[in-house]
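User: Please take a close look at the interior of this model, working from individual buried residues towards the packing, the empty space and the metal site. I would like one connected account.

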Amino acid sequence: MLFAILTVVTLAGLAYLTTHRRYEALAAAPAREGQAPPPKDGYFAWLRRWIRDAVKPDGPRRLWKWFMDWTSRYYPGWMKWVFAVMILCFLYLAASGFFFGVFIPRGMFGFPLVLHVSLGGVFAFCLAFAVFWRARDYAFDKKENEADASERFACPICKNPSKMLVAKILFWTNALAGLVIILSALFSMLPIFPAATQSPLLELHRYAALVSALAMIVFSDVRLFPAKTK
Ligand code: HEM
């Protein structure tokens, strides 16, 4: 029950905080030629417009353009398919995991569970590849270029760190949470552990999954789909 409440409260809370921070950044940005004027009609009016734009018929075409642009920079050639499979697996794993974790008291079962475990295996390989391939770019000793250093993450509590530093922290948080997710699932399936460890392993799996999903929300906002304010 606690996991279900925490999942709903933290995912909804973070989605609100992240979109509200994006709205404030866009509203404070100077008007630029050829771009939408800064929103002035309030957060909820802007959110309705933003969601409406995302589901427009040309949405898939814009997403494909983003995918080709992002992978041409960071996952060239065949690697772009590793990135695509990783994201699609993660979306299914999170959707199936949190749906059953929040709404179905008996837990995941049947075909959704079989697909969860199978795509879980695929996800494990893709994540390992992505962490290995991108580790250098998210290393804390890597000097930020001027553009990255100038982009600040609006968080008064942590003194508005650079968005790149936040992205680095989230990248390694996700890598670690991913490792815990994979090992907890693996150990729960290996016959070497007594039955009594099943539910603590599932709890560890669930909470690592929640940490991973929360980190991905902010990482997407900061790094994958940054607000165009300059
Ligand atoms: C290597 C990858 C993965 C494997 C092998 C795997 C395997 C499993 C298994 C076997 C269960 C069911 C446990 C049970 O009910 O006894 C489960 C549950 C769950 N998984 Fe995964 N999983 C993986 C990745 C993920 C990821 C990436 C997420 C989310 C980001 C996730 C979220 C969840 C959640 C929330 C549950 C709990 C569902 C419930 O309460 O019924 N899993 N996973």
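Analyst:
**The interior of the chain**

T71 lies in helix 3. The model is a predicted one, and the description below starts from this residue. The relative accessibility of T71 is 1%, so it counts as buried, the cut-off for that term being under 20%. Leaving out residues up to four places away in sequence, T71 touches P76, K80 and F83. Its C-alpha atom is separated by 11 Å from that of L224, although the two positions lie 153 residues apart along the chain.

A second buried position is found in helix 1, which holds T18. With a relative accessible area of 6%, T18 is classed as buried. Beyond its neighbours within four places in sequence, T18 is in contact with I217 and D221. Sequence separation and distance in space can be set side by side here: T18 and V82 are 64 residues apart in sequence and 27 Å apart from C-alpha to C-alpha.

V218, in helix 8, offers another such pair. Its partner is A15, 203 residues away in sequence, with 8.6 Å between the C-alpha atoms. V218 has a relative accessible area of 11% and is therefore buried. Setting aside residues up to four places away, its contacts are L14, R21, F153 and L170.

Helix 8 also carries S212. This residue counts as buried because its relative accessibility is 2%. Outside its own stretch of four places in sequence, S212 is in contact with F90, N174, A177 and I181. Two of these names return below, F90 in the packing around F123 and N174 in the lining of the largest cavity.

Nonpolar packing comes next. In soluble globular proteins, nonpolar side chains tend to be buried together. The largest nonpolar core has 42 residues, and the members that touch the most others are Y75, M86, F98, F123 and F219. At least two residues of this core come from each of helix 1 (2–28), helix 3 (59–74), helix 4 (79–103), helix 5, helix 7 (163–189) and helix 8. Helix 8 contributes the most, 11 residues. Around F123, the contacts made with residues over four places away in sequence are M86, C89, F90 and L93. Another core lies apart from this one; it has seven residues, including L26, A27, W46 and L47.

The packing leaves some enclosed space. How many cavities of 30 Å³ or more are there? The count comes to one. The largest cavity holds about 310 Å³ of space. Its lining consists of 21 residues, and those nearest its centre are M86, L127, N174, M216 and F219. Helix 4, helix 5, helix 7 and helix 8 each give two or more residues to that lining. M86 and F219 thus appear in two roles: they are among the core members with the most contacts to other members, and they are among the residues nearest the centre of the cavity. N174, also among those nearest the centre, is a contact of the buried S212.

Open space is present as well. The second largest pocket has a volume of about 850 Å³. It is lined by 33 residues, and M108, H116, A185, L202 and H205 are the closest to its centre. Helix 4, helix 5, helix 7 and helix 8 supply at least two lining residues each, with helix 8 giving the most, eight residues.

Two of the residues closest to the centre of this pocket, H116 and H205, bring the account to the metal site. Both coordinate the iron atom of the ligand through NE2, at 2.0 to 2.1 Å. The pair joins distant parts of the chain, since H116 belongs to helix 5 (residues 110–134) and H205 to helix 8 (residues 198–224), 89 residues apart. Why is the arrangement of donors around the iron atom octahedral? There are six donor atoms, and the angles they subtend run from 88 to 179°, which makes it so. Are these two histidines buried or exposed? H116 has a relative accessibility of 11% and therefore counts as buried. H205, at 17%, counts as buried too.

Helix 8 recurs throughout this interior. It gives the most residues to the largest nonpolar core, gives the most to the lining of the second largest pocket, and contains the iron ligand H205.

Terms used
Residues numbered from 1 in each chain as written. Predicted model: local features only at pLDDT ≥ 70, side-chain atom pairs only at ≥ 80, totals over all residues. Heavy atoms only, no water. Donors = N, O, S within 2.8 Å, 3.2 Å for Na, K, Ca; no water. Tetrahedral: all angles 85-135°; square planar, octahedral: opposite > 155°, others 65-115°. Helix = DSSP H or I, 4+ residues; strand = E, 2+ residues; numbered from the N terminus. Buried < 20%, exposed > 50% of the residue type's maximum accessible area, 1.4 Å probe, protein only. Core = buried A, V, L, I, M, F, W, Y, C linked by side-chain atoms within 4.5 Å. Contact = heavy atoms within 4.5 Å. 1 Å grid on protein atoms, 1.4 Å probe; cavity = no way out; pocket = protein on both sides within 12 Å on 5 of 7 lines; lining within 4 Å. Points joined across faces, edges and corners; volume = space filled by probe spheres on them.
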